[in-house]
Structures are given as C-alpha cells and as structure tokens.
Amino acid sequence: MKCKFCDKDSYIKLKSPKMYLCKEHFVEYFEDKVKKSIEKYKMLNKDEKILVAVSGGKDGHAAAWVLKKLGYNIELFHINLGIKGFSDESLKAVNELAEKLDVPLHVVNLKDITGKTMEDIRGKKCSICGITKRYLMNKFGYENGFDVIVTGHNLDDEVAFILNNIMNWSVSYLARQGPVLPQRGKYPKKVKPLYENTEEEISAYAEVVGLEVFSEKCPFAKKAITLEYKEMLNKLEEKRPGMKYNFLVGYLKNRHLFEKELEDIPFVECKVCGMSSSGEVCSFCRTWGLKEEVDLKVKE
Ligand code: AMP
Ligand code: ZN
Ligand code: ZN
C-alpha cells in the first residue's frame, strides 16, 4: 500500500484512525501527536527544568527523544534496581541515549541507598518496585529543583492500569490517575507525554529513529496481571479499533466521581525522610526499613 500523504510505499498501517504511512510521514504523525497531547493537557513549558525517567525501554527513550527534538530542557534519570542481567543491560541503553541526546544522565543505585537490591525482596516484587521507583523519582526531582518529572507511560499502560483498578475497586488510585498529576507537597508535577500513543506506535517510532532500546521485560514482571489485560484489550481493539482510546477519554471525563475518596487520606511528612506521605512513615522507608533520610542531592 502507498502512504496516505505521498507516493512512497507504506511502512506502517495504523488502525485508529485507519491509515497507511511511509517512514517520514509516520515520524511526523507520531511527533505531532505527542506535541498535541502536551498542548491539550497543558503538560510542559519550555522554561521548565524537566527530568525524564528512563528505564532503558522504548517508552522512556521515545519520550526523551521527542521532547529534546521539540526543544524542551531535559535531563535523564535512571534507577538501577540491581536485577541480575536485566539492570546492566538497561543501564547500557540509558547511557547510550544520554550520549546520543547529549544531555546529563543521573543514575541512582538502589543498593547504595538501601543496602539491598530488588533481588533481595521476596513476594510482592512488582508493587515494591513501583513504590521504590515512584519515591526515588519524586525525591530526586524535588531535591534537585526539577519542575516536572516525565515518565514514558503510554495509552496501553494507562488503560490496563485503570481496568485493573476497576477490577479491584482501588478507588483512590482511580481518583489520581491521568496525563498530568499536579505538584503536591514535595511531589513534583508528573506528566506523561505518550499518553495517547499506543505501544505499537512507540515500538515502530523507536525503530525508525534508530533508538537502541533494551526491550526485555523485567524478569519479575513477566506474570504481571497488567500484561494479561493488555493482551485481552488488544484482542478487543482488533475488533473495535479506537476502543482503548475511547475508554481513556471516558475515564478522564468521569474521574471526578472518584475524587471524594481522597478527602480522608492524610497528607503529612514522613518522620524518617521528610517526604510527603499518607502515613507517619512513608511506604519507601517502611518497605526498605530505613532509619534515616537518604540524600539524593547532586554534588556540584
Ligand atoms: P514501567 O512501570 O516499567 O511500565 O515504567 C513506566 C515508566 O516509569 C517508564 O516509562 C519510565 O519513564 C519509568 N521507569 C521505569 N523503570 C525505571 C527505572 N529503572 N529508572 C527510571 N525510570 C523508570
Ligand atoms: Zn509519506
Ligand atoms: Zn520516608
């Protein structure tokens, strides 16, 4: 098939809206979509100091790449979780990206902070990994004066997350999800520029622009329920293109219905580390058994 906009052979068939695009027009389409999401949800300004959280996978890589191309002031942030085989490859990919983009990269090692790695955790690894990553992003961003933290979460991540939280009726999570999470206490603003981009599009984009990503899933996440939701949703999307996007739009329209749930959740400072927390000791300090604050400030 030919590209919708020129005489070249198509590189990709998009399903919603249905169209065939050549490489050049696909790149243009993808970057324009990110730009429009940033504008539509009022995510970022050109004068903000932006920290992009990168795991080494396609999403963070693509987000950083597009933001730099659009002229935003970005630095990269990576958490080394100390997972055998996986973390070394992730770090390699992140180093390569920083070099290609010519932007500063900050790496935080979980082991330096807690004395342990994700390997040492038994049981609920995925939820602990989530708590750990969120905390370190927030604390690093806050201590080093970043205005905003960018993550690579995409449309598929968001839809799977919301569906999972509906299945569990985790109403407080449903009240707080979205493309922009405003600054709150010591948590910097968080935004997701790939909010409307599908996983499929992002993989294709990473390939066309030549990003060297580490595409393996975390060995601990292989059985994650969200992966099963994604598979199921893709099957439904095949039959009803646009369904995932419509679900997300509907969620944003109805999110306020869940907000009441947040009123009763306390918002205080952790007595160990001083970060914003819903309990006396925050979930990070509790999980890792910390007795004193960790200093993440970059030394000049
Ligand atoms: P995940 O929870 O693995 O789906 O990742 C969601 C987003 O969190 C990614 O797109 C990154 O922006 C960020 N992220 C995940 N893992 C790391 C990491 N090890 N270091 C820094 N950011 C990460
Ligand atoms: Zn074309
Ligand atoms: Zn704490």
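**Exercise 1. Work out which atoms hold the zinc ion (ligand 2), and what geometry they form.**

Start with the donors: the zinc ion (ligand 2) is coordinated by Cys3 (SG), Cys6 (SG), Cys22 (SG) and His25 (ND1), at distances of 2.0 to 2.4 Å. Keep in mind that this is a predicted model.

Next, look at the angles. The four donor atoms subtend 102 to 114° around the zinc ion (ligand 2), so the arrangement is tetrahedral. As a yardstick, the ideal angle for four tetrahedral donors is 109.5 degrees.

Now place the donors along the chain, where their spacing reads C-x2-C-x15-C-x2-H. The pair Cys6 and Cys22 links distant parts of the chain, 16 residues apart. Cys6 sits in the segment before β1 (12–15), and Cys22 in the loop between β2 (18–21) and α1 (23–40).

Finally, check burial. Cys6 counts as partly exposed because its relative accessibility is 22%, where the cut-off for buried is under 20%. Cys22 has 1% relative accessibility and therefore counts as buried.

**Exercise 2. Repeat the analysis for the zinc ion (ligand 3).**

Begin again with the donors. Here they are Cys270 (SG), Cys273 (SG), Cys282 (SG) and Cys285 (SG), at 2.3 to 2.4 Å from the zinc ion (ligand 3).

Then take the angles: they run from 102 to 115° among the four donor atoms, and the site is tetrahedral.

Along the chain, the donors of this zinc ion (ligand 3) follow C-x2-C-x8-C-x2-C. Cys273, in the loop between β9 (268–269) and β10 (276–277), and Cys285, in helix α11 (residues 283–288), link distant parts of the chain and are twelve residues apart. As for burial, both Cys273 and Cys285 are buried.

**Exercise 3. Describe the surroundings of ligand 1, from polar contacts to overall cover.**

First, list the polar partners. An oxygen atom of ligand 1 lies 2.9 Å from a polar backbone atom of Gly152. A nitrogen atom of ligand 1 is 3.3 Å from a polar backbone atom of Val54, and a nitrogen atom is 3.4 Å from an N or O atom in the Lys133 side chain.

Second, ask how much of the ligand is covered. On its own, ligand 1 has 480 Å² of accessible area, and the protein covers 78% of this.

Third, sort the shell by element. β4 (74–80) and α5 (125–143) are the elements that give two or more residues, and β4 gives the most, with three.

Last, sort the shell by class: five residues are nonpolar, five polar and two charged. Among the residues around ligand 1 are Asp59, Phe77, His78, Ile79 and Met137.

**Exercise 4. Find the polar partners of two lysines, Lys192 and Lys230, and decide whether each lysine is buried or exposed.**

Take Lys192, located in the loop between β8 (189–191) and α8 (199–208). Its relative accessibility is 6%, so Lys192 counts as buried. For partners, the side chain of Lys192 has a polar contact of 3.2 Å with the side chain of Glu158. A polar atom of the Lys192 side chain also lies 3.0 Å from the backbone oxygen of Gly178.

Turn to Lys230, which belongs to helix α9 (residues 225–239). With 11% relative accessibility, Lys230 counts as buried. Its side chain makes a polar contact of 2.6 Å with the side chain of Asp157, and another of 3.2 Å with the side chain of Glu199.

How values were computed:
Residues are numbered from 1 along each chain as its sequence is written. Chains are lettered from A and ligands numbered from 1 in the order in which they are written. This is a predicted model: local features need pLDDT of at least 70, side-chain atom pairs count only at pLDDT 80 or more; totals for chains, interfaces and linings use all residues. Side-chain values use heavy atoms; hydrogens and water are left out. A residue is near a molecule or strand if one of its heavy atoms lies within 4 Å of it. A polar contact is a pair of N or O atoms within 3.5 Å; within protein, one must be able to donate a hydrogen and the other to accept it, and residues adjacent in sequence count only if both atoms are side-chain atoms. Accessible areas come from the Shrake-Rupley method with a 1.4 Å probe; for residues, only the protein chains shown count as cover. Helices (H or I, at least four residues) and strands (E, at least two) are DSSP runs, numbered from the N terminus. Ala, Val, Leu, Ile, Met, Phe, Trp, Tyr, Cys and Pro count as nonpolar, Asp, Glu, Lys and Arg as charged, and the others, Gly among them, as polar. Donors are N, O and S atoms within 2.8 Å of the metal (3.2 Å for Na, K and Ca); water is not among the atoms, so sites may look incomplete. Four donors count as tetrahedral if all angles lie between 85 and 135 degrees; four count as square planar and six as octahedral if opposite donors are over 155 degrees apart and all others between 65 and 115; anything else is irregular. Buried means under 20% relative accessible area, exposed over 50%, partly exposed in between (1.4 Å probe, protein chains only).
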